[in-house]
Amino acid sequence: MKTIPHAKAAAAFNKDEPRTNWHDETLWFVREKRDRAAHGVAEWELLRDWASQIKGHTLSRLDEYLIEFENNAKANGITVHWAANGEEHNNIILGIIRKQGIQRIVKSKSMLTEECHLNAFLQEKGIEVVDTDLGERIVQFRNEPPSHIVLPAIHLKKQDVSETFHEHLGTEKGNNDPQYLTEAARQHLRSKFIESDLAITGVNFAIAETGGFVVCTNEGNADMGAHAAAVHIACMGFEKIIPKAEHLAVFLRLLARSATGQPITTYSSHFHKPRNGQQMHIVIVDNGRSRQLSRPDFRSSLKCIRCAACFNTCPVYRRSGGHSYHTAGPIGSILNPNLDVKANADLPFASTLCGSCSNVCPVRINIHEQLWKWRQVIAAEGEVATSKKIGLKAMAFVLARPALYRACGSMARWFLRYMPFFLKSKSLNPWYRQREMPKPPQQSFQSWYKQNKPGKK
Ligand code: SF4
C-alpha cells in the first residue's frame with residue numbers, strides 16, 4: 001500500500017481548522033495532566049534515571065535475559081515462540097489458530113500486532129479478529145488505523161463515534177451521549193468476549209526472573225479476553241523484557257503518569273501461567289530490533305515503554321494528526337526508518353527538533369537528537385528531494401564563505417524590501433502559507449554590532 005507523505009497528509013488534516021485546533025488542545029490537556037502527575041512525585045527525575053538505566057542495562061544483556069525469561073516461562077507451562085519478523089509472527093499465530101480450529105478471536109491493544117499488520121493478515125485468511133479496546137474497536141469499525149498508541153480514536157469527536165455506532169451497532173441516530181455510546185459498546189463487546197475461543201494481548205513488561213508478564217489497560221479488556229478464552233497468545237517485541245519483578249515498580253509508576261496523568265493504569269494484570277485447561281503462548285518478535293540495537297545512535301529507542309507522552313507534547317503531532325505519520329508518531333519516526341529508510345524518509349523531518357519529546361520521555365530517550373541523526377542518514381542515502389539536496393549544497397557553499405554570506409545577506413535584505421511577493425507567494429513558498437513575513441532589517445547584526453559594540457561610542 002502506498003503511503004501518503006507526512007506533509008501532504010498533514011495538509012489534508014489541517015483543512016479542517018476547528019478539528020485541528022480541538023485535536024491540539026485535547027492532546028495538550030493530556031500533556032498538562034501528565035505534568036501535574038509528574039510534579040506530584042518528588043523522586044520523578046530519579047525514577048526516569050532508574051528506568052533509563054534499567055533499560056540500558058537490559059539491552060546490553062538482552063541475550064541472557066531473554067533466555068532466562070524463556071526458561072522460566074516454559075517452566076510455568078507457557079509455550080514460547082520466536083519470530084524473526086512480522087511474517088513469522090503472523091504465521092505462528094495463524095498456525096495456533098488453525099491447529100485449534102478456532103473461529104472467534106478477541107484482541108486487546110498491541111502496537112506490535114499493528115506493526116506486523118496482523119488483523120489484515122488474519123482477515124485475508126478468512127479469520128475475524130475483534131479489537132476490544134474501545135478506541136480500537138471504533139477505528140476498526142471505520143476501517144482506519146489507530147491515530148495514537150494510547151488514545152487510538154483521539155482524532156474522532158463523539159459525533160463521529162455516534163455515527164459509526166449507529167451504522168455498526170444500530171444505536172439511535174444522532175444520540176451523542178458518551179454514557180449511552182459506551183454502554184452500547186460494552187454490551188457489544190461483552191458478547192464477543194463470551195463467544196471467543198482465543199484472546200490475543202500485547203505485553204507491557206516481561207520479567208526474566210519469573211517468566212511472567214504484565215499487561216496494562218484501563219478498560220480491563222485484556223483480562224476479560226484472556227480469562228474467558230481457552231487459548232491466550234501474548235505478543236511482545238523483545239525489548240519488553242526487564243530483569244526482575246522489583247523493577248516493575250519503577251516502570252508502573254512512570255507509565256500511567258506519563259501516558260494519561262493517572263497514578264496507575266486501572267488494570268496492571270500479571271500473567272504467570274495458564275489456568276487449568278488453558279493454553280498460553282508468548283510470541284517474542286525481533287522484526288528489525290536487532291538491527292536497531294546494532295546502531296549506536298539509535299539503540300536507545302528500544303527503551304521505549306509506549307507511553308505516548310512524546311505524542312501529546314509534540315507541536316507537530318498535535319497539529320498534523322496521527323494518521324499523517326503512517327506509523328506511530330514521534331517514536332515511530334525514529335523506529336520505522338530502521339525498518340525501511342525509503343518508505344519512512346519523510347518522518348524524521350516531521351519535527352521542529354524543539355526537544356519537548358525528550359523532555360517528557362520517562363526513559364530519557366533523546367528523541368529529537370535521533371530525529372536529527374536520522375535526517376543525516378536519510379540525506380547520506382540519497383532519500384531527500386532533489387530540490388532540498390540542491391538547496392543544502394548551495395547553503396553549505398555560502399555558509400563556508402563569510403564574504404559571500406555577507407553579500408547574500410545584503411542582497412536578501414534588498415530583495416525582501418523591494419520584491420517580497422516572490423518569497424511570500426503561497427504556491428512558491430509553503431512556509432509562508434500560515435506565517436507573516438518579518439520586516440527586513442536595514443543592516444545585518446554584524447554591521448550593527450560593529451557600530452554599537454561597547455566602547456565604540
Ligand atoms: S519515546 Fe519515550 S515518551 Fe515516547 S512513547 Fe516511548 S517512552 Fe513514551
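**Cavities, ligand shell and two positive phi residues**

The largest cavity in this model has a volume of about 100 Å³. Its lining is made up of 15 residues, and those closest to the cavity centre are Cys314, Ala350, Ser351, Cys357 and Leu371. Two elements each give two or more residues to that lining: helix H15, residues 315-320, and helix H16, residues 329-339. Sorted by class, the lining has 11 nonpolar residues, 4 polar and no charged ones.

I should say at this point that the model is predicted.

How many cavities of 30 Å³ or more are there? The count comes to 2. The second largest cavity has a volume of about 90 Å³. Here 14 residues form the lining, and Cys304, Cys307, Cys310, Ile331 and Cys361 are the closest to the centre. The classes in this lining are 13 nonpolar, no polar and 1 charged.

Next, the ligand. Which cavity does the ligand sit in? It is the second largest one. Around the ligand there are 13 residues, of which the closest are Cys304, Cys307, Ala308, Cys310 and Cys361. On the slide you can pick out Cys304, Cys307, Cys310 and Cys361 among the residues closest to the ligand, and you will find these four cysteines again among the residues closest to the centre of the second largest cavity. As for the shell around the ligand, 12 of its residues are nonpolar, none is polar and 1 is charged.

Now the backbone. Most residues other than glycine have a negative phi. I have two exceptions to show.

Asn287 is not a glycine, yet its phi is positive, at about 45 degrees. Where is Asn287 found? It is in the loop that runs between strand S10, residues 279-285, and helix H13, residues 289-293. Is Asn287 buried or exposed? Its relative accessibility is 14%, so Asn287 counts as buried, the cut-off being under 20%.

The other one is Arg306. Its phi is near 55 degrees, again a positive value in a residue other than glycine. Arg306 belongs to the loop between H13 and helix H14, which covers residues 309-313. With a relative accessible area of 18%, Arg306 is buried, because the limit for that class is under 20%.

To recap: the ligand sits in the second largest cavity, with 12 nonpolar residues and 1 charged residue in the shell around the ligand. Asn287 and Arg306 both have positive phi values. That is what I have for today.

Methods. Residues numbered from 1 in each chain as written. Predicted model: local features only at pLDDT ≥ 70, side-chain atom pairs only at ≥ 80, totals over all residues. Heavy atoms only, no water. Near = heavy atom within 4 Å. 1 Å grid on protein atoms, 1.4 Å probe; cavity = no way out; pocket = protein on both sides within 12 Å on 5 of 7 lines; lining within 4 Å. Sits in = over half its atoms within 2 Å of the grid points. Nonpolar A, V, L, I, M, F, W, Y, C, P; charged D, E, K, R; others polar. Helix = DSSP H or I, 4+ residues; strand = E, 2+ residues; numbered from the N terminus. Buried < 20%, exposed > 50% of the residue type's maximum accessible area, 1.4 Å probe, protein only. Points joined across faces, edges and corners; volume = space filled by probe spheres on them.
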